[in-house]
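Colleague: Could you take a close look at one part of this protein with me? I am a first-year student, so please go step by step and tell me how that part fits into the rest.

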Amino acid sequence: MRDTFPLLLKTDFPTVYRDRIDTLQANLGYRCNQSCTHCHVAASPHRTEEMHWETMELLLRYAAARDVVTLDLTGGAPELNPHFRTLVVRARRQGVRIIDRCNLTILNEPGQEDLAAFLAEHQVDITASLPCYLEENVDQQRGHGVFESSLAGLRQLNALGYGQPGSGLTLNLVYNPLGPILPPDQAGLEAAYRHELAARYGVVFNHLLALANMPIQRFGSQLISKGQFKPYMDLLKSAHRDENLEGVMCRNLISVDWQGYVYDCDFNQMLKLPLGANGAGRTSLADLLDRDLTGAPVRVADHCYGCTAGQGSSCGGALAAA
């Protein structure tokens, strides 16, 4: 895999300062039942890294100590971590909202037959990747048969009330482009998704989140191999909007890796860029239990333009400023 890291470090991206942290995003491990070409984590069924329970207990302690509102669980497939369900139960008892970054196909894996019902029982918000409503496009990006399996997962969730009006069970879908282009207007694309999924397959959902592809890991390697890295970076930089800086996710979120180390965002985690802009070494979540990060500078590099280009991009989709 071609490494984009040295190409991103020299940057003129504006300085970003933190606001209050309300979201703790935790990567529970890199093991996944898929190996998607766009995956910025480079997850696969062959990865073995996974968060231990002691680190999950630290997540819960931090959430309680710092009044964290949301615990955002990602991977890999976070559900494959053996302690996933225990963490969900404990966090919900603390009154913390849970987001499960679900790839949908995990709901059909052997041993996960009751996963959808478990998520519904504990009112877990689901944010599910579905890069298109057309089978050939999804399978091109995520592998043969993934679209059909994703539909089966969506139908399971709909049957339990996810995406249905008044159910209180949130099902959001995630779109990202197939190639080195910016996502289209999120509102217009959501309307198209809503119409096509309902008309073709009888599937409903709450919202669509449009995310830009980051020039790192597998996608970044493909850009280099195809001679598209510089043109894509030029596109991101030319589409940068200063007003998006107020809404970037690193102002209110910290990202924790499977070993308990902290980063300014999930993308910095994958680049191994430590928390903060002072050049210090890695910071453990345990070191932050009594530390307020409000006003602290964020570590930035050229990939940050992916979050401020056009309508903006974050783990919550397009930015409100757009």
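Modeller: Happy to! Let us begin with T74 and its contacts. Leaving aside neighbours within four places in sequence, T74 is in contact with Q25, A26, N27, L28, G29 and R101. Please keep in mind that this is a predicted model, and that the values below are computed from it.

Where does T74 sit? T74 is found in strand β2, and that strand covers residues 70-74. Is T74 buried or exposed? A residue counts as buried under 20% relative accessible area, and T74 has 11% relative accessibility, so it is buried. Many residues share that label, as buried residues make up 57% of the 322 residues in the protein.

Strand β2 also leads us to an open space. The largest pocket has a volume of about 430 Å³. It is lined by 24 residues, and the closest to its centre are T23, M249, S314, C315 and G316. Which strands help to build this lining? At least two residues each come from β2 (70-74), β3 (97-102) and β4 (125-129). Sorted by class, the residues of this lining are 10 nonpolar, nine polar and five charged.

Now let us visit N33, which is in the loop between β1 (23-27) and α2 (53-65). Which residues does N33 touch? Apart from neighbours within four places in sequence, N33 is in contact with P45, A77, L80, N103, T105, I106 and E109. You can also compare distance along the chain with distance in space: N33 and G76 are 43 residues apart along the chain, while their C-alpha atoms are separated by 8.1 Å.

For another pair, go back to T74. T74 and L157 are 83 residues apart along the chain, and 19 Å separates their C-alpha atoms. Residue L157 brings us to helix α6, which spans residues 146-159 and holds N158. With 8% relative accessibility, N158 counts as buried. Its contacts, not counting residues up to four places away in sequence, are Q164, L171, G202, V203 and V204.

The model has closed spaces too. How many cavities of 30 Å³ or more are there? The count is three. The second largest cavity holds about 120 Å³ of space. Its lining has 15 residues, with V248, C250, C265, C304 and C307 nearest its centre. By class, that lining has 10 nonpolar, three polar and two charged residues.

Finally, let us step back to the whole protein. Its secondary structure comes to 11 helices and nine strands. Why can we call the protein as compact as a globular protein of its length? Its radius of gyration is 19 Å, close to the 20 Å that the globule rule gives for 322 residues, so the description fits. Along the principal axes, the C-alpha atoms fill a box of roughly 50 × 45 × 40 Å.

The contacts of T74 and N33 can also be set beside a figure for the whole chain. Among contacts with a separation of 6 or more, 74% are between residues 24 or more positions apart. As for the outside, the protein exposes about 13300 Å², and carbon and sulfur atoms supply 49% of that area.

Note on methods
Residues numbered from 1 in each chain as written. Predicted model: local features only at pLDDT ≥ 70, side-chain atom pairs only at ≥ 80, totals over all residues. Heavy atoms only, no water. 1 Å grid on protein atoms, 1.4 Å probe; cavity = no way out; pocket = protein on both sides within 12 Å on 5 of 7 lines; lining within 4 Å. Points joined across faces, edges and corners; volume = space filled by probe spheres on them. Nonpolar A, V, L, I, M, F, W, Y, C, P; charged D, E, K, R; others polar. Helix = DSSP H or I, 4+ residues; strand = E, 2+ residues; numbered from the N terminus. Rg over C-alpha atoms; globule rule 2.2 N^0.38 Å. Buried < 20%, exposed > 50% of the residue type's maximum accessible area, 1.4 Å probe, protein only. Contact = heavy atoms within 4.5 Å. Areas by Shrake-Rupley, 256 points an atom, 1.4 Å probe, with all protein chains shown as cover.
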